[in-house]
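Let's take a walk around a protein model, one corner at a time. Keep the picture open while you read.

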Amino acid sequence: MLSRLIALFTGGMKAYKVQDLKRTARYGITAKNFKEFLKKGAEKLKIPEDEVTIVLEDDGTLVDSDAFLKTLPTQTVFVFLRNGEQWKGAGALIHDALQKLLNCTRKNQLAEQIREFMEDDDSPSKIHVMSSYLEMLGTDIKSEQRYENEEWFEGINKKYKTKSDLMKNSAQTRIRSYYTTAKDQIEKEAKGHTKEVLLDLLQELTEKLKANDFHGHYFDRTAKAGKRLCDREGWFRCQGAFDVNKCELLHTINPYASRGYRQLFGLWNLDHIIEKSREVIPTLIEAAKQKPKDKHIDWKYVYKLLFTASNLKLVQIACHKKSAREGTLKWQDFCQ
């Protein structure tokens, strides 16, 4: 009803915002159809009409018809492109900002550009995203030694001398907790000879965990590529929920950047794709009960499911699904 009243009093005119690729200027214009919109926008930006391609600032969607234009709300922002120019959306600005983050000598300049972008934009989602990167500019990713960044280590035992040492311990703590909870569940649910078989298996797992240093390399940016879950700078990417191939929201974090990001990283989960407590351990207990006398439990397969990246995904809390999953294991899978 409100939109109809506005249209009635404005003669069908709607207000829009237009800018060019370089964002050197943004103008407000009114138009009642696409032809008028194209003409006024081109005049404001001093671009010949026959050279103009119009796209949405948000995602780069092509706008080339009166019908589509009329579906868009007032104050929508458009980018007028010249021949040969491309606009991939506001995400392109964010990508550019990330690339520039690698150049520490331009931090102050980039910070100022981001502030100008935020002041000139009324989109809450874009302001939130760019605020995050503005905050990241004030962090110290490169430092590694404790004496270089005491603030990062605030509240941490003095025995940790480097960021990587602490992050390594963080990964080890998580893996140890998986072992402990698995052991507790076995001791509680398994009985008699079945429990004895599985407690022997747990000893095999313990020795393998010690040999692999409890997989501290998962969070250690100084570890070899292929073992760590981050890049050399310490950037981690969310791998998405257990039932998807990747994180569609592109969650990232660098706990090496600041104490705050280190603490936030505690909310990221190393999630079992095939659930540990609901499927792996119950099926393992069943296997120990049912296995033929000429078979034994494949402890290496158990280890793979409980502690390795083949069944673990690093997941940001928003992507962590706690709902029950469809069972895929059979007790025979554990026998060899």
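Before we start, one bit of vocabulary: a residue is called buried when its relative accessible area is under 20%, exposed when it is over 50%, and partly exposed in between. Take D213 as a trial run: its relative accessibility is 34%, so D213 counts as partly exposed. Also keep in mind that what you're looking at is a predicted model.

## A salt bridge across the chain

D213 makes a good starting point, since its side chain meets that of K168 in a salt bridge, with N and O 2.8 Å apart. These two come from distant parts of the chain: K168 sits in helix α7 (residues 163-189), while D213 belongs to the loop between α8 (192-211) and β5 (236-237), and 45 residues separate them. K168 has a relative accessible area of 28%, so K168 is partly exposed as well.

## Two more bridges to find

How many salt bridges are there by this rule? The count comes to 9. Another of them joins the side chains of R26 and E57, at 3.3 Å from N to O. R26 is in strand β2 (residues 26-31) and E57 is in the loop between β3 and α3 (66-71), so this pair ties together parts that lie 31 residues apart in sequence. Are these two partners buried or exposed? R26 has 19% relative accessibility, so it counts as buried. E57 is buried too, because its relative accessible area is 1%.

Now look at D66 and K70, whose closest N and O atoms are 3.2 Å apart in a salt bridge. Here the partners are 4 residues apart in helix α3, so about one helical turn separates them. D66 comes out as partly exposed because its relative accessibility is 27%. K70, at 52%, counts as exposed.

## Strand β4 and its neighbours

Next stop: strand β4, which covers residues 77-81. All 5 of its 5 residues are buried, so the strand is largely enclosed by the rest of the structure. In a regular strand, side chains alternate between the two faces of the sheet. You can see which way each one goes here: V77, V79 and L81 point one way from β4, and F78 and F80 point the other way.

What does β4 pair with? Strand β1 (residues 14-20) pairs with β4 in the parallel sense, over 4 bridges. With β3, the pairing is antiparallel, also over 4 bridges. Try finding V79 in the picture: Q19 stands opposite V79, and V79 is also the bridge partner of V55.

## Patches on the surface

Some charged residues gather into a patch. E43, E49, D50 and E51 form a negative one on the surface. Among them, E51 lies in the loop between α2 (34-45) and β3 (53-56). Its relative accessibility is 30%, so E51 counts as partly exposed.

There's a nonpolar surface patch too, made by L264, L267 and I317 and covering about 270 Å². L267 is in the loop between α9 (259-264) and β7 (269-272). With a relative accessibility of 43%, L267 counts as partly exposed.

## Two unusual backbone angles

Most residues other than glycine have a negative phi. Which way does K46 go, positive or negative? Its phi is positive, about 60 degrees, although K46 is not a glycine. You'll find K46 in the loop between α2 and β3. At 69% relative accessibility, K46 counts as exposed.

Q75 also has a positive phi, near 70 degrees, and is a residue other than glycine. Q75 sits in the loop between α3 and β4. Q75 is partly exposed because its relative accessibility is 37%.

## One last buried residue

Finish with F334, in the segment after β8 (312-315). Is F334 buried or exposed? Its relative accessibility is 0%, so F334 counts as buried. F334 and V302 are 32 residues apart in sequence, and in space their C-alpha atoms are 7.3 Å apart.

Definitions and conventions:
Residues numbered from 1 in each chain as written. Predicted model: local features only at pLDDT ≥ 70, side-chain atom pairs only at ≥ 80, totals over all residues. Heavy atoms only, no water. Patch = residues over 30% accessible without salt bridge, like charges linked within 9 Å, V, L, I, M, F, W, Y side chains within 5 Å. Areas by Shrake-Rupley, 256 points an atom, 1.4 Å probe, with all protein chains shown as cover. Salt bridge = Lys/Arg side-chain N within 4 Å of Asp/Glu carboxyl O. Lys, Arg positive; Asp, Glu negative; His and termini not counted. Charge placed at Lys NZ, Arg CZ, Asp CG, Glu CD. Buried < 20%, exposed > 50% of the residue type's maximum accessible area, 1.4 Å probe, protein only. Pairing = 2+ DSSP bridges.
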